[in-house]
Amino acid sequence: FGAMPTLSWLTTALSVGALALILVLRKVAPKVPGFLLVVVLGAVLVPVLHLPVETIGSRFGGLSGAIPAPHWPQVTLTRVGELFPSALTIAFLAGVESLLSAVVADGMSGGRHRPNAELVAQGVANAASALFGGLPATGAIARTATNIRAGARSPMAGVLHAVFVLIIMLALAPYAAAIPLASLAAILMVVAWNMSEVDRFRHLLSAPMGDRVLLLSTFILTVAVDLTVAIGTGVVLAAVLFMHRMAETASVGPAEYREGEEEEARDNLPAGVEIFQVNGPLFFGAAARFSEVLDNIGQKPRVFVLDMAEVPLMDATGVNALSSFARHCANGGTEVVVAGLKAQPRHVLEQMSHGAPGASLTLSADLVEDLV
């Protein structure tokens, strides 16, 4: 027990010293690779001065410089069930991070990446790496930015980076056992601070309430629980928030006219014809709007025209809601005419036209004014 305080204070002092050296070099000599210098100095000083601090070797054992033989993992239904949620989250996160890294590279280099090529290459590389005991990797913004600042302009920069890492692993892996964990802790602190983007985080706290809840929930779960849990929860919350906002934008109500045209337009309508306008995407989050129309309307017209020129998309639930609305109208002797359909809603309606028996529903490609 007497050695523990000494070990703790020495490790802290080494971490603080390494952190200070990195920050000073960034100010005084930004071109000097501070991270590399800290690692090399730590690996030299610890064995020379016989400092009683933990190193990679003392914590994890020696590092082998040889590439392990490929090994096919044991795949069972139980293991797949255990790993699938985490694997899906990691794949999603890795894809997003890699594409974000490519976008940053485009902005710095003036080029244009190919998203499909990026994701396919990453997937193939990670699948092959797993056969050799490797962990999934992504495109890293920090290393990409450093590479471009050093003059990289082509994919060969990434290839050469991999070659140099392989050479270092094969030639210098035995010496890596002397690297103190305190030096790596200092490097990770700097990397974590750079990734945190404090200014952007503070700016996002001024966003609408839903975005703030999403940000803070994901942040707290990342720190307190686990990254995969935080990402999974964040994706679900973001989807719910998006659907809520899309549902709020959808509306069904009397057709709107330009100022001074409403009275004239109403006078030109044939007797027993009513025009309603549908706005926004028509999916399950907005399907209840049709039942509200039926509840609010008084005397049922002979023909109900739905102007859907402002509906960009429709899903199966939207089709069911529209068919149900048409059936209710048909029970009261009202025919429903759908007009102004865009390509996607028309395709979905035509594809599912046989699934709405008993609905008096007419599709028209013409404008509402031409119909009536």
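Here a trainee and a mentor talk through some features of a predicted model.

Trainee: What should I keep in mind before we start?

Mentor: Residues are numbered from 1 along each chain as its sequence is written. This is a predicted model, in which local features need pLDDT of at least 70 and side-chain atom pairs count only at pLDDT 80 or more, while totals for chains, interfaces and linings use all residues; side-chain values use heavy atoms, with hydrogens and water left out.

Trainee: Let's take helix α2. What makes residues 34-49 a helix?

Mentor: Helices are DSSP runs of H or I with at least four residues, and they are numbered from the N terminus. Helix α2 has 16 residues. The expected span is 1.5 Å times one less than the number of residues, and α2 reaches 22 Å from its first C-alpha to its last, close to the 22 Å expected.

Trainee: How do you know which residues line one face of α2?

Mentor: Start with the term: buried means under 20% relative accessible area, exposed means over 50%, and partly exposed is in between, with a 1.4 Å probe and protein chains only. In α2, the buried residues are G34, V38, V39, G42, A43 and V46. Seen down the helix axis, these buried residues fall within an arc of 165°, so they line one face of α2. That arc is taken from the directions from the helix axis to the C-beta atoms.

Trainee: Which exposed residues does the face turned away from the buried side carry?

Mentor: That face of α2 carries L36 and V48.

Trainee: Why is H50 called exposed?

Mentor: H50 has a relative accessible area of 67%, which is over the cut-off, so H50 counts as exposed. H50 lies in the loop between α2 and α3 (56-60). Its phi is near 55°, a positive value in a residue other than glycine.

Trainee: Where is there a positive phi just after α5?

Mentor: At G133, with a phi of about 85°. Helix α5 itself has 17 residues and reaches 25 Å from first C-alpha to last, close to the 24 Å expected.

Trainee: Now the charged pairs. What makes E54 and R59 a salt bridge?

Mentor: The term asks for a side-chain nitrogen of Lys or Arg within 4 Å of a carboxyl oxygen of Asp or Glu. The closest N and O atoms of E54 and R59 are 2.5 Å apart, so the pair qualifies. A search of the whole structure finds 4 salt bridges.

Trainee: Why are E54 and R59 called partly exposed?

Mentor: E54 stands at 33% relative accessibility and R59 at 44%. Both values lie between the buried and exposed cut-offs, so both residues count as partly exposed.

Trainee: How do you know that D199 and R202 are about one turn of the helix apart?

Mentor: Both lie in helix α9 (residues 198-204), with their positions 3 residues apart in the count, which is about one turn. Their closest N and O atoms are 3.1 Å apart, so this pair also meets the salt bridge definition. D199 and R202 are both exposed.

Trainee: What does the salt bridge of R245 with D211 link?

Mentor: The closest N and O atoms are 3.1 Å apart. The pair links distant parts of the chain, with R245 in helix α11 (residues 227-249) and D211 in helix α10 (residues 209-224), 34 residues apart. R245 is at 32% relative accessibility and D211 at 26%, so each counts as partly exposed.

Trainee: What makes the second largest pocket a pocket?

Mentor: On a 1 Å grid over the protein atoms alone, a pocket is an open set of points where a 1.4 Å probe fits, with protein on both sides within 12 Å along at least five of seven lines; lining residues have an atom within 4 Å of a point. The second largest pocket holds about 750 Å³ of space. Its lining has 22 residues, and L83, A87, N126, A130 and P136 lie nearest its centre.

Trainee: Which helix supplies the largest share of that lining?

Mentor: α4 does, with 9 residues. Both α4 (77-109) and α5 (115-131) supply at least two residues.

Methods:
Grid points are joined across faces, edges and corners, and a volume is the space filled by probe spheres set on the points.
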